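Student: I should like to work through this structure step by step. May we begin with the terms that are needed to read it?

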Amino acid sequence: MNLLSLCLIATLTTSSVGGLSLGKKSHRRANAPSTRRSILQQASFGIATAAPFIHNINVANAADAQFVEVGQQERPPDGGTPFSTLSNGVQVKDFKAGSGASVQTGSKVELTMKGRLINLNGVIFYDTKSNDPNGFGEGTPLIFTVGDGTVLPGLDSGVIGMTKGSIRRIIVPADVGYGKFPSLEPQPLTGTEKRALDSVVKNSRRDQTVMFDVKVNRVR
């Protein structure tokens, strides 16, 4: 709704209220000379009345813009390598190389990671930093043994080949993710994250593909 519409609504409202005190029609002609002044006064009042609504609309638009930008965070660097597709449909893209032993089936890994819902424009549904019992902002890493069946098969296969310090983006389709294995790790750590994930996983009409940004802290 634009400024003109809001002013018009406010002016019509004040005109209606003012009309209650005009009395009989015979009085209207006597007040005719002040008609222009009245309209200007009403329009000024309309602008003042509309101001809070305009502010609220601007705030709402800003919030919408911030929501849209969520899915645009952490963009791949220019000239980066393209995604590679694994045999199970998982796509991976390396952002930073690490060093040391590579992750293999049977490796115990410690990961800092963040999960996003592709269907909801990148809304976060999992973040290891959300579990922060000490209050220092470091969070609690996800720890598991690759291939032990405790995490999503798509994430399991997606971390193969990573090394300590490496960072990788992993896109997990529904059939090796929450669409088929909704109870496997990683699970949301807050109520807000859980509601976000449930809104996709429990709605078969939505694309249940998810994306993880993963950093390996330790490989054993």
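Tutor: Buried means under 20% relative accessible area, exposed means over 50%, and partly exposed lies in between (1.4 Å probe, protein chains only). The model is predicted: local features need pLDDT of at least 70, side-chain atom pairs count only at pLDDT 80 or more, and totals for chains, interfaces and linings use all residues. Residues are numbered from 1 along each chain as its sequence is written, and side-chain values use heavy atoms, with hydrogens and water left out.

Student: What percentage of the 220 residues of the chain counts as buried?

Tutor: The cut-off for this class is under 20% relative accessible area. Applied to the 220 residues of the chain, the share that counts as buried is 30%.

Student: Which pattern does the chain follow along the sequence?

Tutor: Helices (H or I, at least four residues) and strands (E, at least two) are DSSP runs, numbered from the N terminus. The chain has five helices and seven strands. Read along the sequence, their pattern is α-α-α-β-β-β-β-β-α-β-α-β.

Student: How many salt bridges does a search of the whole structure find?

Tutor: Side chains of opposite charge can pair when their charged atoms come close. A salt bridge is a side-chain nitrogen of Lys or Arg within 4 Å of a carboxyl oxygen of Asp or Glu. With this rule, the number found in the whole structure is four.

Student: Arg169 and Asp213 meet in a salt bridge. How many residues apart in sequence are the parts that this pair ties together?

Tutor: The side chains of Arg169 and Asp213 meet at 2.6 Å, N to O. Arg169 lies in strand β6 and Asp213 in strand β7, so the pair ties together parts that are 44 residues apart in sequence.

Student: Is Asp213 buried or exposed?

Tutor: Its partner Arg169 has 7% relative accessibility and counts as buried. Asp213 has 12% relative accessibility, so Asp213 counts as buried.

Student: Which residues are joined into one network by salt bridges that share partners?

Tutor: Lys194 forms a salt bridge with Asp198, with the closest N and O atoms 2.8 Å apart; both residues lie in helix α5, four residues apart, about one turn of the helix. Asp198 also meets Lys202 in a salt bridge of 3.8 Å, N to O. Through shared partners, one network joins Lys194, Asp198 and Lys202.

Student: Which side chain of opposite charge is nearest to Asp156?

Tutor: Asp156 is in helix α4 (residues 153-158). Lys and Arg count as positive and Asp and Glu as negative; His and the chain ends are not counted. Asp156 is buried yet has no salt bridge. At 11 Å, the nearest side chain of opposite charge is Arg168.

Student: What is the approximate phi of Asn121?

Tutor: Most residues other than glycine have a negative phi, and most peptide bonds are trans. Asn121 is found in the loop between β3 (108-117) and β4. Although Asn121 is not a glycine, its phi is positive, about 60°.

Student: Which residues does a cis peptide bond join?

Tutor: One of the two is Pro186, found in the loop between β6 (167-172) and α5 (191-201). With omega about 0°, the cis bond joins Glu185 and Pro186.
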